[in-house]
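Got the viewer open? Here is a short walk through the model, one selection at a time.

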Amino acid sequence: KEKHTLDFLLVSPASTTDVVTGKVVTGLLYSLLMAGILITLNQGWMGDWPLVLLAVVLGALFTAASGLLMGSICRTTMQVNTWSSISMLILMAPSWLAVLTIPPALDVALHLIPTRSLVDVIEVALAGEASLAQVWGDLSILVGGVFVAFVAVVWVLRRQEG
């Protein structure tokens, strides 16, 4: 926003959906590259790989859409960095708390955060103990999170156009 590149994109022949799609594809590629590097460095190539890959792709899509939403809402780089840091702490909290014994009410609340579902799916898939029937609820939360984030991005950008 500070460099006004989005303004030029929004008046170009590209639609809002085209702009969002292009940015998401770029974010998705970077996220998948980083996930591949981390998995390789941790020698984590085991378990149910199709399910791990599905979860990683959904997690990367959620992350990319969340980043786009932050960039769409905030006006300056400092605002993006501040609010993204806060939201990332919230989104990362389920992975930290997954190893602790927590009260049932907090556990239910954490399961509504898509990253908790991501952690749960990857955990059982890497252990080789996952079946699609076992993780369909977590995958549904991930898909729902991706959908809500994308709808929010398109809605914010369309409001800014008008």
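Select Gly-128 to begin: just after α6, this glycine takes a positive phi of about 75 degrees. Keep in mind along the way that you are looking at a predicted model.

Now step back along the chain and pick the helix itself. Select residues 114–126, which make up α6. This helix has 13 residues and reaches 18 Å from its first C-alpha to its last. That is close to the 18 Å expected at 1.5 Å a residue.

Next, colour α6 by burial. Which residues of α6 are buried? Look for Pro-114, Thr-115, Arg-116, Ser-117, Leu-118, Asp-120, Val-121, Val-124 and Ala-125. To see what lies over them, show α3 (49–73), α4 (77–97), α5 (104–110) and α7, which are included in the cover of these buried residues.

For contrast, click on Glu-123, also found in helix α6. Is Glu-123 buried or exposed? Its relative accessibility is 52%, so Glu-123 counts as exposed, the cut-off for that label being over 50%. While you have Glu-123 selected, try a distance to Leu-68: the two residues are 55 apart along the chain, and their C-alpha atoms are separated by 27 Å.

Time for some charges. Side chains of opposite charge can pair when their charged atoms come close. How many salt bridges does the structure hold? There are two, and you can find them by showing the side chain of Arg-116.

- Arg-116 with Asp-107: these side chains meet in a salt bridge, 3.0 Å from N to O.
- Arg-116 with Asp-120: here the closest N and O atoms of the salt bridge are 3.3 Å apart.

Put together, Asp-107, Arg-116 and Asp-120 are linked in a network of salt bridges. Arg-116 and Asp-120 both sit in α6, four residues apart, which is about one turn of the helix.

Switch on a surface and compare the members of this network. Arg-116 has a relative accessible area of 8%, so Arg-116 is buried, the limit being under 20%. Asp-120 is buried along with Arg-116. Asp-107, at 23% relative accessibility, counts as partly exposed.

Then add helix α7, residues 132–161. Two packed helices are described by the angle between their axes and the distance between the axes. How do α6 and α7 come out? Their axes come within 8 Å and cross at roughly 145 degrees, and the crossing is left-handed.

To see who makes the contact, select these two groups:

- From α6: Pro-114, Ser-117, Leu-118, Asp-120, Val-121 and Val-124.
- From α7: Gln-134, Val-135, Asp-138, Leu-139, Ile-141, Leu-142 and Gly-145.

Colour the selection by residue type and the contact divides into eight nonpolar, three polar and two charged residues. You have already met Asp-120 in this tour: this residue takes part in the contact with α7 and in a salt bridge with Arg-116.

Finally, zoom out and show the whole protein as a cartoon. You should find seven helices and zero strands, running α-α-α-α-α-α-α from the N terminus on. The C-alpha trace spans about 50 × 30 × 30 Å along its principal axes. Buried residues make up 34% of the 162 residues. As a last stop, turn on contacts between residues at least 6 apart in sequence: 72% of these join residues at least 24 apart.

Methods
Residues numbered from 1 in each chain as written. Predicted model: local features only at pLDDT ≥ 70, side-chain atom pairs only at ≥ 80, totals over all residues. Heavy atoms only, no water. Salt bridge = Lys/Arg side-chain N within 4 Å of Asp/Glu carboxyl O. Buried < 20%, exposed > 50% of the residue type's maximum accessible area, 1.4 Å probe, protein only. Helix = DSSP H or I, 4+ residues; strand = E, 2+ residues; numbered from the N terminus. Axes fitted to C-alpha atoms, helices over the stretch in contact; angles between N-to-C directions. Left-handed = near helix turned anticlockwise from the far one by under 90°. Contact = heavy atoms within 4.5 Å. Nonpolar A, V, L, I, M, F, W, Y, C, P; charged D, E, K, R; others polar. Expected span 1.5 Å × (residues − 1).
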